[in-house]
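I sat down today to look up a few backbone oddities and one side-chain contact. Here are my notes, in the order I went through them.

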Amino acid sequence: MKKTLLLCFIHGFKGNDHTFGPNQAFPTHLLSLLQPLLPKLNLEFLIYPTYETRGDLTDCVNRFRDWLLNKVIDLEVALGTPSPTVEPGVRVILIGHSMGGIVAAETAISIASEQAINGSISNNGNSPDQGNMKAPLNSLMFPYIQGVLAFDTPYFGISPGVVAHGAETHYSKAAEVMGQLSGLASIWGGASNTAKGHQPQHQRQPPQKAIEAPPATQKQPDQKPQTGGGWGKWGTLALAAGAVGAITATGAAAYLKREQITQGLSWATSHLEFVGCLARKEELRKRVAYMMRLSKELGVGFGNLYTRLGKSAGALEKVSMAGTVLGDERTFCVVPHRDQAGDWRPAVNDKASDETWAHMSMFEPKDNPGYKKLSTDARDMITSWVNQEWYESSTETIHA
């Protein structure tokens with residue numbers, strides 16, 4: 001019987017069916033890279049349909065697990081596998097982008113141990129905190145998970161640099177605008193209105209006086225309007241600058257977009273429960289530790305291809321406050337340095353200028369110059385995880 005390796009793709013927070021490229025571009029490309037290296041297997045892929053990334057993570061995992069179970073049963077029936085739970089004809093590589101990698105890891109853990117890592121009650125009613133790290137594993141997994149491959153999944157949380165560099169960039173832009181407006185204050189009095197180089201009286205006043213509106217009594221009936229000085233259009237700019245200076249740039253944006261922000265807060269609140277696991281550090285570490293146990297005891301592959309900014313990050317960050325404190329390696333997710341966490345490989349994007357854009361454009365060749373290396377790294381990781389004994393037992397079906 002020719003066996004099947006099923007690649008199952010799971011999008012992340014607020015992703016959709018096009019997360020992995022339009023028209024299933026990346027899954028199709030990855031299969032074409034795997035086929036020459038795994039000629040004895042049927043290679044297929046599925047993309048988990050768009051799902052609501054809100055509510056309890058365990059509920060989401062359970063829904064995905066039921067969907068996967070039905071798909072694998074269908075494939076096993078089509079193959080005519082005699083005993084799929086004892087000797088499966090189908091093995092699965094779960095592939096998740098961003099939070100999809102969390103869903104993938106939780107699914108593998110729940111199948112192998114019938115317990116969840118996240119803070120909810122697992123299927124068997126036991127709390128995941130009550131000794132699940134010592135619970136025996138089920139070597140007869142069904143569906144059989146051969147590996148969990150993540151793309152930029154924050155298994156240890158989102159890097160502080162995502163916020164720090166972003167905030168610093170926005171502050172720098174705001175400061176630059178304010179600097180330009182402040183520079184205009186020096187010409188509120190205008191250029192000399194005479195060819196003799198005479199400096200108007202109001203231009204010699206201290207800068208803080210410049211924004212005070214002149215008393216109405218100062219205007220004389222026979223006084224001609226100044227063409228290059230006085231209030232004019234610069235007065236409007238001065239008032240605008242004063243308004244901007246009265247509140248922070250963030251406050252101004254919040255005020256101008258208050259309706260959108262109100263709606264956004266409602267949206268965010270409804271999804272916080274799903275992404276809340278990223279704030280529970282002990283839970284994050286426990287999940288990775290459990291995946292390492294699956295890798296060691298059951299041979300389940302585990303890896304993460306994480307984005308890192310390249311040339312387009314610019315030289316500014318090297319001397320910025322965020323760069324000084326956090327270092328000049330800019331990633332979307334926290335990268336482990338001491339923890340045993342599987343196979344982590346950088347996916348450098350030389351075109352992206354910020355971490356979030358690199359995170360979102362991993363599967364877009366036009367926006368990710370490292371797309372080719374990303375693909376080959378994924379191919380090599382999957383190939384190395386395939387159990388050789390199971391692979392060699394795959395043969396073409398011979399009909400009588």
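Before the loops, a reminder to myself: helices (H or I, at least four residues) and strands (E, at least two) are DSSP runs, numbered from the N terminus. This is a predicted model, where local features need pLDDT of at least 70, side-chain atom pairs count only at pLDDT 80 or more, and totals for chains, interfaces and linings use all residues. Residues are numbered from 1 along each chain as its sequence is written, and side-chain values use heavy atoms, with hydrogens and water left out.

**Peptide bond.** I looked up Pro143 and placed it in the loop between α3 (99-113) and β4 (144-151). The bond leading from Phe142 into Pro143 is cis, its omega near -5 degrees.

**Positive phi.** Most residues other than glycine have a negative phi, and most peptide bonds are trans. Asn23, not a glycine, has a positive phi of about 55 degrees. I found Asn23 in the loop between β1 (4-10) and α1 (25-34). Ser98 also caught my eye, with a positive phi near 55 degrees; Ser98 sits in the loop between β3 (90-97) and α3.

**Buried or exposed?** I used under 20% relative accessible area for buried, over 50% for exposed and partly exposed in between (1.4 Å probe, protein chains only). Asn23 is exposed because its relative accessible area is 71%. Ser98 comes out at 9%, so I noted Ser98 as buried.

**Side-chain contact.** Glu283 belongs to helix α8 (residues 281-298) and is buried, at 9% relative accessible area. Its side chain makes a polar contact of 2.8 Å with that of Arg280. For the term, I counted a pair of N or O atoms within 3.5 Å; within protein, one must be able to donate a hydrogen and the other to accept it, and residues adjacent in sequence count only if both atoms are side-chain atoms.
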